[in-house]
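Student: I am new to this structure. Please pick one part, look at it closely, and follow what surrounds it.

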Amino acid sequence: MSRRNALETRPLAGALGAEIPGIDLREAAPDDWSRIREAFLEHLVLFFPGQSLTPTTLAAVGANFGDLAFYPFIEAVDEEPHVIPIVKEAHETKNFGEGWHSDTTYTEVPPKATVLYAVEVPQVGGDTLFANMYQAFESLSPGMRAFLEPLKAVHSSAARRGGGRAEGNEFDGVTFKNRDQPLEAVHPIVRTHPDTGRKALYIDALHTARIDGWSAEESAPVLEYLYRHKSRPELTCRYQWAPGTLAVWDNRAAQHYAMNDYHGHRRSMLRLSIAGDRPV
Ligand code: SIN
C-alpha cells in the first residue's frame with residue numbers, strides 16, 4: 001500500500017474536526033502534506049496523536065501550513081522565536097483561551113492557522129472545544145445574513161475579557177510582553193475564506209469591541225445574539241488531549257475555547273501561529 005493510501009482521517013463530529021492517527025509528522029512526505037492540507041480545509045481542525053516534538057521540530061512541522069508568525073503578547077521559548085508556552089500550573093486558576101475566539105483578530109493580518117502541541121495534560125479536563133464558523137453563518141436566516149454582510153467590527157486586544165493575557169493575569173510558566181500596547185483592527189463580520197470561497201462568521205466575545213460605526217451599547221444586542229448562535233452544540237466538537245498530540249486549526253473558519261476545568265493539575269502546551277491574509 002502506498003503512503004498516500006495509508007493516511008487515515010477519522011472525523012470527530014458532524015460539524016468539524018478530524019483525527020489523523022499513525023503518522024509521524026517529522027517524516028511526512030510531500031504527498032502526505034498535500035492530503036493533510038486538503039483535510040485541514042475540509043475539517044477545519046486536525047489532531048495528530050503520538051508526536052514527539054521539540055520547539056524546533058514543532059516549528060519545522062508547522063511550516064508545512066505556511067509562513068510562521070509571531071504572537072504579540074507572550075515571550076517565545078528560548079529555542080524558537082515563533083513558539084510560545086501556554087502553561088497553567090497546578091496552583092493557578094486562570095487559564096489561557098477560556099471563551100470562544102479566533103486567534104489575534106485584533107491584528108491587521110490575523111494568523112490563518114494555529115498549531116498547538118500538548119506536552120503535559122491532566123488525566124481528565126483541559127479539553128479544547130472548536131466551532132464551525134461556516135455553519136454558524138450559513139444557519140442564520142437570509143435576512144440576518146444580508147444584514148450582517150456589509151458590516152465590519154472593531155477588534156481590540158483590550159476588549160471585554162482579553163483571554164488569559166488580560167492585564168493582571170499572571171502565569172508562572174508564561175512571560176507576557178507589550179500588554180500596555182493594545183492592538184486594534186477592523187475586519188468584516190462575515191469573511192470570505194481565501195482558499196474555499198465560503199463565508200464565515202468572524203466576531204468573538206474575547207476580542208470584538210463593537211460593530212464599526214456603532215457604539216458598544218448599540219452593538220451588544222446583535223453581537224450577544226451572534227455569540228450565542230455560533231456556539232450552539234451542534235456546531236462544535238470537543239477534543240481530549242494526550243501528551244504528544246498536535247492540533248492545527250483554521251482561524252478563518254473555526255473558533256476554539258480552552259476549557260478551564262482542571263484546577264490542581266498542570267497543563268503545558270506549545271503554540272505556533274501560521275501567517276494569514278487580511279480578512280475580506
Ligand atoms: C488558545 O486559545 O490558543 C489556547 C487553547 C488551549 O490551550 O486549548
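**One loop and what follows it**

Tutor: Leu-44 lies in the loop between α2 and β3 (helices are DSSP runs of H or I with at least four residues, strands are runs of E with at least two, and both are numbered from the N terminus). The model is predicted, so local features need a pLDDT of at least 70 and side-chain atom pairs count only at pLDDT 80 or more, whereas totals for chains, interfaces and linings use all residues. Residues are numbered from 1 along each chain as its sequence is written, and side-chain values use heavy atoms, with hydrogens and water left out.

The backbone at Leu-44 has a phi near 70 degrees, a positive value in a residue other than glycine. Most residues other than glycine have a negative phi. With a relative accessible area of 1%, Leu-44 is buried (buried means under 20% relative accessible area, exposed over 50%, partly exposed in between, with a 1.4 Å probe and protein chains only). Asn-178 also has a positive phi, near 55 degrees. Asn-178 is found in the loop between β8 (152-156) and β9 (184-188), and at a relative accessible area of 35% Asn-178 is partly exposed.

Next comes the strand β3. Residues 45-48 make up β3, and four bridges join β3 to β14, the two running antiparallel (strands pair if DSSP finds at least two bridges between them). Val-45 stands opposite Trp-249 in β14. A further partner of β14 is β6 (residues 113-120), which pairs with β14 in the antiparallel sense over five bridges. Here Ala-113 has Asp-250 of β14 as its bridge partner.

How many of the residues of β14 are buried? Five of its five residues are, so to speak, out of reach of the probe: they count as buried, and β14 is mostly covered. The cover is on both faces, with Leu-246, Val-248 and Asp-250 buried on one side and Ala-247 and Trp-249 buried on the other.

Now the aromatic rings. The count comes to 13 aromatic pairs (rings of Phe, Tyr and Trp, the last by its six-membered ring, pair if their centres lie within 6.5 Å; planes under 30 degrees apart count as stacked, over 60 as edge-to-face and the rest as tilted). One of them is Trp-33 with Phe-65: the ring centres are 5.5 Å apart and the planes stand at 90 degrees, so this pair is edge-to-face. Trp-33 belongs to helix α2 (residues 30-43), while Phe-65 sits in the loop between α3 (55-62) and β4 (68-69), 32 residues away, and the pair therefore links distant parts of the chain. Trp-33 is buried at 4% relative accessibility, and Phe-65 is buried at 5%.

Trp-249 of β14 takes part in another pair, with Phe-130: this pair is tilted, at 5.3 Å centre to centre and 55 degrees between the planes. Phe-130 lies in strand β7 and Trp-249 in β14 (residues 246-250), so the pair ties together parts 119 residues apart in sequence. Phe-130 is buried with a relative accessible area of 0%, and Trp-249 is buried at 1%. Both rings belong to one aromatic cluster formed by Phe-47, Phe-130, Tyr-239, Trp-241 and Trp-249.

Phe-130 leads on to a sheet. Three strands form this open sheet in the order β13-β7-β15, with antiparallel pairing. β13 (236-239) and β15 (254-258) stand at the edges with a single partner strand each, so one side of each has no neighbour in the sheet. Between β7 (residues 128-132) and β15 there are five bridges, and Phe-130 stands opposite His-256 in β15.

His-256 and Trp-249 are also among the residues around the ligand, which include Phe-96, Gly-97, Leu-116 and Arg-271 (a residue is near a molecule or strand if one of its heavy atoms lies within 4 Å of it). Three side chains place a polar atom by an oxygen atom of the ligand: that of His-101 at 3.0 Å, that of Thr-128 at 2.5 Å and that of Arg-267 at 2.8 Å (a polar contact is a pair of N or O atoms within 3.5 Å; within protein, one must be able to donate a hydrogen and the other to accept it, and residues adjacent in sequence count only if both atoms are side-chain atoms).
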